[in-house]
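Here is a friendly set of notes to read alongside the model. Take the points in order, with the structure open beside you.

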Amino acid sequence: MDSKVALVTGASRGLGRAIALALANTDHRVVAAARTIEGAEDTARSIREAGGDAIAIVCDVRDGESITAVVDATIAQYGRLDVLVNNAGITRDAGMHRMTDDDWDTVIETTLTGGFRLSRAAQRHMVSQGEGGRIIFIGSIASEGSRGQVNYAAAKAGLIGLAKSMALELGRYDITVNVISPGHIETEMTRGVADRLGVDYEDIRKKRIETNAVTRVGTPEDIGAAAAYLASDAAGYVTGSVLVVAGKPV
Ligand code: NDP
């Protein structure tokens, strides 16, 4: 039987790239999607150079046509879709009193609306294939509440309700739906937040290590491993769950 096909959004760098590599290492053919083709192509090339099978496709999850196109391109290339990882996400941080409508809309549209639309498009193929499927959302422990991030926290908390409801609707097709909830992971996103706050990232890093139970900050590979587990046959009875990968209890 041909190996399973996984579509990962935001696969050009950070967590998405690590998730794409981890899925390739666990025998998935991978579609690496991002807004910028260069980054997505870089991830796909790394997979191919390691002996795997991957292609890169441009996808802006805020654009409905782009969502349809990435799913169609996946089916055209590989003839099936088994795993969707909704990883694309952004921050637009500001205190609530200064947060603009655009800050709010952009974050909600990217994370929550984009995740819903892409999942809706993907599950149609998973259902018609009749062999089950896996849908994984990348949430955040910020969904518990995060100062200066009302938009981001609301979008990530919304994903949990979305995933649990989808799990109830799709379980009879053997499609599982779960959320990975990372804590602080060292990526361009977290370094960018430090830059915007005008603080030294090393200070943030030190503070995170002090407040974590496991005495280090997280790596993108920690999240890649969690995604590979949830995508695996071993996780077939895990659905509607939130897997916290944060180096501490939340
Ligand atoms: P990065 O900023 O490093 O990467 C974000 C990725 O999302 C890029 O590949 C970017 O690619 C893509 N992206 C952004 N907007 C869109 C869009 N509209 N359509 C398609 N792709 C898009 O972030 P991280 O790797 O740190 O974060 C990845 C996910 O993990 C996010 O959902 C984030 O919220 C979540 N997360 C991260 C944590 C951390 O500590 N780093 C903690 C908890 C959750 P391009 O620019 O090419 O489109």
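1. Let's begin with Arg92, which is partly exposed, with a relative accessible area of 29%. Please keep in mind throughout that this is a predicted model. The side chain of Arg92 meets that of Asp102 in a salt bridge, at 3.2 Å from N to O. The pair links distant parts of the chain, ten residues apart: Arg92 sits in the loop between β4 (83-86) and α4 (101-129), while Asp102 belongs to helix α4. Asp102 also counts as partly exposed, at 44% relative accessibility.

2. A second pair worth finding is Arg191 and Glu202, whose side chains form a salt bridge at 4.0 Å, N to O. Here too distant parts of the chain are linked, as Arg191 lies in helix α6 and Glu202 in helix α7 (residues 201-211), eleven residues apart. Arg191 is partly exposed, with a relative accessible area of 35%. Glu202 is partly exposed as well, at 39%. Both residues belong to a network of salt bridges that also takes in Glu186 and Arg205.

3. Are Asp82 and Arg80 buried or exposed? Asp82 has a relative accessible area of 3%, which is under 20%, so Asp82 is buried. Arg80 counts as buried too, at 15% relative accessibility. Their side chains meet in a salt bridge, with 2.7 Å from N to O. As a general point, side chains of opposite charge can pair when their charged atoms come close. How many salt bridges does a search of the whole structure find? The search gives 14.

4. Now for the ligand, and its polar contacts. The side chain of Arg35 has an N or O atom 2.7 Å from an oxygen atom of the ligand. Asp60 places a polar side-chain atom 2.9 Å from a ligand nitrogen atom. With Val61 the contact is made by the backbone: one of its polar backbone atoms is 2.9 Å from a nitrogen atom of the ligand. How much of the ligand does the protein bury? Taken alone, the ligand exposes 880 Å², and the protein buries 96% of that.

5. Which elements give two or more residues to the shell around the ligand? They are α1 (14-25), α5 (150-170) and α6 (188-197). Helix α6 provides the largest share, three residues. You have already met α6 as the helix that holds Arg191.

6. It may help to look at the shell residue by residue. There are 31 residues around the ligand, and those that come nearest are Ser12, Thr36, Asn87, Tyr152 and Thr187. By kind, the shell divides into twelve nonpolar, 13 polar and six charged residues.

7. Finally, turn to the surface. Which residues form a nonpolar patch there? They are Met96, Trp104 and Val150, and together they have about 310 Å² of accessible area. Val150 is found in helix α5, one of the elements that give two or more residues to the ligand shell. With a relative accessible area of 31%, Val150 is partly exposed. A patch residue needs over 30% relative accessible area, so the 31% of Val150 is over that cut-off.

Methods: Residues are numbered from 1 along each chain as its sequence is written. This is a predicted model: local features need pLDDT of at least 70, side-chain atom pairs count only at pLDDT 80 or more; totals for chains, interfaces and linings use all residues. Side-chain values use heavy atoms; hydrogens and water are left out. A residue is near a molecule or strand if one of its heavy atoms lies within 4 Å of it. A polar contact is a pair of N or O atoms within 3.5 Å; within protein, one must be able to donate a hydrogen and the other to accept it, and residues adjacent in sequence count only if both atoms are side-chain atoms. Accessible areas come from the Shrake-Rupley method with a 1.4 Å probe; for residues, only the protein chains shown count as cover. Helices (H or I, at least four residues) and strands (E, at least two) are DSSP runs, numbered from the N terminus. Ala, Val, Leu, Ile, Met, Phe, Trp, Tyr, Cys and Pro count as nonpolar, Asp, Glu, Lys and Arg as charged, and the others, Gly among them, as polar. Patches are made of residues with over 30% relative accessible area and no salt bridge: like charges are joined within 9 Å, nonpolar side chains (Val, Leu, Ile, Met, Phe, Trp, Tyr) within 5 Å. Buried means under 20% relative accessible area, exposed over 50%, partly exposed in between (1.4 Å probe, protein chains only).
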